[in-house]
Amino acid sequence: MTITKTDNLYQKSYFSRIKELKEYAPEAFKTFFAFNDKALAPGKLSVKLKELIAVGVAHITGCPYCIELHVGNAKKQEASKKEVSEAIFVATALKAGSAIAHGVNALNAFDGNGDEELYKASYFNRLKEFSELSGDSFKAFLDFDQQAIKTKELTEKEKELIAVASAHTTGCAYCIDLHTKNAKKTGASLEEISEAIFVAVALKAGSAIAHSVNALNAYDEK
């Protein structure tokens with residue numbers, strides 16, 4: 001297949017090319033989609049909640065194809081626009097939170113901390129130092145973070161499960177520790193937490209495979 005060079009790198013129609021990968025990598029294609037279907041199937045968590053988790057994670061990976069697909073899927077599961085929006089803001093808070101959480105590593109680096117260990121749970125205690133170093137910004141972030149996780153259309157438990165999945169997407173060890181414990185406090189079981197994690201795994205991998213349609217376009221350009 002040959003396509004004409006274009007400035008349009010993202011179009012909805014491009015996503016239809018994903019099925020072509022079945023021809024070029026059939027076993028990988030088959031096993032990925034089998035896993036993806038299992039990760040998003042109903043289990044301890046409903047399909048609706050899994051799709052809301054997927055929406056949140058898709059906004060962290062920044063995959064426009066995944067956003068389009070999973071917002072549509074969430075809507076089919078009767079998720080409201082408010083619920084979708086709340087899921088997005090939990091993900092937003094976690095993406096921002098991973099940056100501020102890693103600020104404790106920056107403080108260690110600045111202070112010349114000679115500890116060989118780059119991650120310790122105790123390092124997270126340094127976060128409060130930002131209230132003195134950049135007080136207005138720190139307070140504004142905490143206010144936003146608290147609002148994002150607060151019970152509204154979605155329950156605190158649902159939001160903490162979205163947060164757990166989001167933390168696994170950003171890869172922030174501090175956030176994983178905090179929100180897994182928070183999810184447990186809201187009554188989430190280890191099975192529910194595990195299902196949320198696997199939705200994140202599927203979406204993180206899915207963003208890579210979704211972008212393969214751009215690779216096909218690039219390869220076929222004349």
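Is Phe 33, at 25% relative accessibility, buried, partly exposed or exposed? Phe 33 counts as partly exposed, where buried means under 20% relative accessible area, exposed over 50% and partly exposed in between (1.4 Å probe, protein chains only).

A word on the basis of these notes: this is a predicted model, in which local features need pLDDT of at least 70 and side-chain atom pairs count only at pLDDT 80 or more, while totals for chains, interfaces and linings use all residues. Residues are numbered from 1 along each chain as its sequence is written, and side-chain values use heavy atoms, with hydrogens and water left out.

1. Phe 33 has a partner in Phe 29: the two form a tilted aromatic pair, 4.7 Å centre to centre with 50° between the planes. (Rings of Phe, Tyr and Trp, the last by its six-membered ring, pair if their centres lie within 6.5 Å; planes under 30 degrees apart are stacked, over 60 edge-to-face and the rest tilted.) Both residues sit in helix α2 (residues 26-39), four residues apart, so about one helical turn separates them. Phe 29 is buried, at 14% relative accessibility.

2. The structure holds eight aromatic pairs. Another of them is stacked: Phe 15 and Tyr 65, at 5.5 Å centre to centre and 20° between the planes. Phe 15 comes in the segment before α1 (21-24) and Tyr 65 in helix α4 (residues 64-76), so the pair ties together parts 50 residues apart in sequence. Helices here are DSSP runs (H or I, at least four residues), as strands are (E, at least two), numbered from the N terminus. Tyr 65 is buried at 6%, and Tyr 10 joins Phe 15 and Tyr 65 in one aromatic cluster.

3. Helix α5 (residues 81-101) is worth a look. Its 21 residues should span 30 Å at 1.5 Å a residue (1.5 Å times one less than the number of residues), and the end C-alpha atoms are indeed 30 Å apart. Buried residues in α5 include Glu 83, Glu 86, Val 90 and Leu 94.

4. The largest nonpolar core (buried Ala, Val, Leu, Ile, Met, Phe, Trp, Tyr and Cys residues joined through side-chain atoms within 4.5 Å) has 54 residues. Leu 161 is among those with the most contacts inside this core. Beyond its neighbours within four places in sequence, Leu 161 is in contact (heavy atoms within 4.5 Å) with residues including Leu 45, Leu 49 and Ile 193.

5. Arg 126 lies in the loop between α6 (103-110) and α7 (130-133), yet is buried, with a relative accessible area of 17%.
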